[in-house]
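This briefing goes through one structure in stages, beginning with individual residues and ending with a whole chain. Please keep the sequence and the structure in view while reading.

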Amino acid sequence: MEKMLFKRIDVPNAADITVAEKHGAYSQVGKAFGIKPEDLVNEVKRSGLRGRGGAGFPAGLKWELCARVPGDVKYLLCNADEGEPGTFKDRFILEQDPHLLIEGMIIAGHAIGAQQGYIYLRAEYPKAAGILEKAIEQAYAKGFLGKNILGKGVKFDLSVHGGAGAYICGEETALIESLEGKRGQPRSRPPFPASSGAWRKPTVINNVETLANIPFIVALGAETYAKIGEESAPGPKLFAVSGAVNNPGGFELPMGTTLREIIYTHAGGIKDGKQLKAVIPGGASTPMLTADHLDVKADFNSLMAAGSMLGSGAVIVMDDTACMVNVTAVLIRFFEHESCGKCTPCREGTGWLYKVYRRILSGEGKPDDVDLLLSICESIRGKCFCPLGEGAIQPVLSSIAHFRSDYEQCVNGRGCGREEQCRKVLH
Amino acid sequence: MTEQSKLITAVIDGKQVTVAAGTMILKAAESIGITIPVFCYHPRLTISGSCRMCLVEIEGGSKPVTACSTELAAGVVVYTNTPTVLEARREIMENLLINHPLDCPVCDKGGECLLQDHAYDWGPGASRFTERKRLFRKPIPLSDRILLDRERCILCTRCVRFCDEISDHRELAILEMGGNSEIAVAPDRAFDSQFSGNTVELCPVGALTSTSFRFKARPWEMARLPGICPFCGCGCSIDIHTRSGNIMRFMARENPAVDDGWLCDRGRYGFDLSGGSERLTKPLVRKQGRLVAVSWKEAIATAVEKLRRAVSQYGPGAVGGIGSAWSSSEENDLLQRLIRESLESHNVDCSLTDDGRPAALALAEGLGTFTFNDIDRADSILMIGADPSRYQPILDLRLKKAVITRRTPIFTLASTDGEMARYARESLRYRAGSEESLLRLLTAAVKKEKRYDSFESDLRAGGLSREAIDRGLERAGLGPRTVVLVNASLLTDDVRVYLVKELVAAMGAGASTGLLFDSANGFGARTAGAVPGYLPGLRPIDRGMSGPEMVVAAERSTLKALYILNREHHDSAAVARARRGAELLICHALFLDEASGSGDIVFPAASVFEKQGTFTNTAGLAQSTAPVLNPPGEARPESTVIEEIMERLKQ
């Protein structure tokens, strides 16, 4: 497949607008402006594009919900708070091809009737911040942003808003709270952002990769675009592969590429000739799978059917030397630390899970602990304010489902010979 | 029909329920007598949805939903008592308690704690948590009045929301995140709101406690009696909690016509003023220059004899009586009857330092008709010299509610800084003393009259101009339901009263006027007739001396006898001045201090909590209180003493 999202990724200095334009950046803005906003929304609906942030919500439908709400003031937010452990796909675009994102946002703004956009950028991407700021400045200078874009009377202003390092701010309503200068905690839904989002105005929030797809939908037309990848989720997909592979990194592949192809063909297979033990297909909050699942296609529906999720497309690979108690403990430490504290089950439950893991890893595990962990997960499941708590229990549930023997080795006092190493994991 | 008023029908626990569209499941359930346990939800705060205690099941739903924040949809079937719901409650309770210290035996909240009650009703009974609990240093002071125990806190944020949404002082915040979250005074702020005590009452657990109540009593040991807060002109409803003859605390008792269920700290923590061991417990009569304790029989006989002698020797005009704007209407009524009927004098007032008549004239002229609920409906609010944030605090909350929830425009005119100026569309300062000019200009501006030159110089000295007034009126936008709030103490003469009347008349028929009294019964003392020139019911009568005039006359010995209803309610210096020339000074007093000690006869009085009485608040609402304590020793309610004196004077 010819690269789209990563088309300019290997072009030296593509973050510079002159270089980017030479390689096609902003070529679709004029065409998009010639299309009526409602037709543009329909085009995206027909393309079948589903959100790339994790939930896979149809992008066109999201736009339509917002575009339909009456009102002069609307906002377009780009979720660049790429905080899901294992995920680094958006970073390639942010740092190496920022103009692709900006072009997508200009077109999206036109479609939904937003004249102001914000890129909510995670605090841990300071390099991207500088690159984005500069790219936006260049886009203003060239007339792609501002009061009268391309002399067509379209107005769109764009700026970068830096996060402060909280995972929860990747959740769209917490992102909005944070953007408004408040404590980053999720809001009650309804109302949904499409009708009442940033500053209570109709708002669309799209992931970086979702917006980066927009210029290609305009360029190719919905029909041609929809032929890429899977029918249920067309388009290219970015995968960020990390862990025990020979060639970790970011890959643009058609949606629906199998896990086996991603790991063995593109990421170079398992390091040091070892065997794959587990794979997390879509970031830390998606359930782990095993070597038995390698032929599952990496798309929303197929992974769902296999008991996991596509999530952000962050593929984390573990080899057969990995202890899954150990791995899960590290993930739980992350979720316990990042729970915002708003709702009871997530705040207290993740803390409890973490304390049990700590105890198990310190050699104080008891046979009942495995069932206790499952029961704590039950007390969180379906009861939280936002998806964070739900995501936090996935590694626990899936690791126990697939690798219960790892746990039993720990809690039954039989030992595995690597206790010293475990004790150092959580200190 | 609007979206809001549309009715929908659904089923909760097998019972059909019909409510307005948009009603949350929790409220709908409540309306048919089904209680769903909550922690973070509070009817007067915005919905948080964070504690998750109120999870219920909707038939066909994928997972339980929070009843507090989920609208009841037409036709749905809701269950609040399925095994899934009960299991969810058990799980939420277990999670809430894993870090809780479970120190109920030493916790002030024990016995009236939602966490304790829900743990009994819905909790798992035993915890499976064997790890180390989260520990905090405790308690830590949030202010001089309020302490925080972070280990007991369940982070429901009721306190934070109160400060954000109701007092709008925004002093509290959550610091840190996740399991380390804690309530704290926001960085660079102090928790010095005059409404801070409400957070203690809102706290569903023992996290926030009042220093004044900490370790003082258990809830079940106290008697709870309804009362009216006596500490300002608002008259908020309270529950008075007593134990062994002592007041332990005040709690709010919601009255939508006055307080919306809130109290200010002056009211909530003010009860200490009534206590103390130094109370006067026996009647005192001056003999050979010294006050000596005597029997009630002797004290009353002495008073009767001396009053009778004063009248017969110097004439009724040489006798005067001072009621009190802090005493009940019944007491003021008796005082004026003693002076007018028994002693046939016209010298009656309710203050030694201010003439009580002009405000009574204002009431007689039909001003002072507003109710607190008028604020909720007002088109706009014009405030003249009023500072409710300081003197009528609960009114401050009501005004803020109007501004925050309805964007009601306010125009303030004041001679000093007041918090409400921050909420006003326009706020202007005038120079104290220029009120008359201000009222004339304001009326001219409302009537759009051009003639105002004659007093412009007076205004300019105060920094005011016609343009500024016009702008303020324009921005506030006068409407048929404008409320005018006037500081009653600005009404120092009849001219000002008629100017206010003219101003309000110029605004049209629907405008209502509030006279803001800072005292508990400034309104009622006047309608009870304890002012020059007015009988009870504001019926006119010959005008005698005002309070200040009586002080001057007494000092010059033209007034010979002065009867003071309650010494503590009056300025000590004024009492001392009157003492200098008066032959006879009779007073009721709670304490023996220099001023009461200068009396010739001193009756030990009952405090406001020790007697029955009616108080009319600044919005004209008359409310009666019943005694919650017994007077100490031989102290007696003033009314019984005056009645006895009147009876004896007839003989």
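Which residues does A:Glu172 touch, not counting residues up to four places away in sequence? In this predicted model, A:Glu172 touches A:Lys62, A:Arg189, A:Pro193 and A:Ile205 when residues up to four places away in sequence are left aside. The points below take up the surroundings of this residue, then the contact between the chains, and then chain B.

**Two residues of chain A**

- A:Glu172 belongs to helix α8 of chain A, which covers residues 172–179, and its relative accessibility of 18% is under the 20% limit, so this glutamate counts as buried.
- A:Cys169 is found in the loop of chain A that runs between β4 (154–162) and α8, and because its relative accessibility is 5%, this cysteine also counts as buried.
- Not counting residues up to four places away in sequence, the residues that A:Cys169 touches are A:Asp81, A:Tyr120, A:Ala174, A:Leu175, A:Ser178 and A:Gly184.
- Although A:Cys169 and A:Arg183 are 14 residues apart along the chain, a distance of 9.5 Å separates their C-alpha atoms.

**Contact between chain B and chain A**

- Chain B contributes 33 residues to the contact, while chain A contributes 27 residues.
- The two chains bury about 2,500 Å² between them, and carbon and sulfur atoms give 50% of that area.
- On the chain B side, B:Asn95, B:Glu131 and B:Met177 lose the most area to chain A, and together these residues account for 24% of what that side buries.

**Fold and dimensions of chain B**

- The secondary structure of chain B consists of 20 helices and 29 strands.
- Chain B has a radius of gyration of 29 Å, which is close to the 26 Å that the globule rule gives for 651 residues, so the chain is as compact as a globular protein of that length.
- Measured out along its principal axes, the C-alpha trace of chain B spans about 90 × 65 × 50 Å.
- When contacts in chain B between residues at least 6 apart in sequence are considered, 67% of them join residues at least 24 apart.

**Surface and charge of chain B**

- Of the 651 residues in chain B, 59% count as buried.
- The area that chain B exposes is about 26,300 Å², of which carbon and sulfur atoms supply 50%.
- Chain B carries 79 positive and 82 negative charges, and the mean positions of these two sets are 1 Å apart.

Notes. Residues numbered from 1 in each chain as written. Chains lettered and ligands numbered in written order. Predicted model: local features only at pLDDT ≥ 70, side-chain atom pairs only at ≥ 80, totals over all residues. Heavy atoms only, no water. Helix = DSSP H or I, 4+ residues; strand = E, 2+ residues; numbered from the N terminus. Rg over C-alpha atoms; globule rule 2.2 N^0.38 Å. Buried < 20%, exposed > 50% of the residue type's maximum accessible area, 1.4 Å probe, protein only. Contact = heavy atoms within 4.5 Å. Areas by Shrake-Rupley, 256 points an atom, 1.4 Å probe, with all protein chains shown as cover. Lys, Arg positive; Asp, Glu negative; His and termini not counted. Charge placed at Lys NZ, Arg CZ, Asp CG, Glu CD. Buried area = accessible area lost by both parts, 1.4 Å probe.
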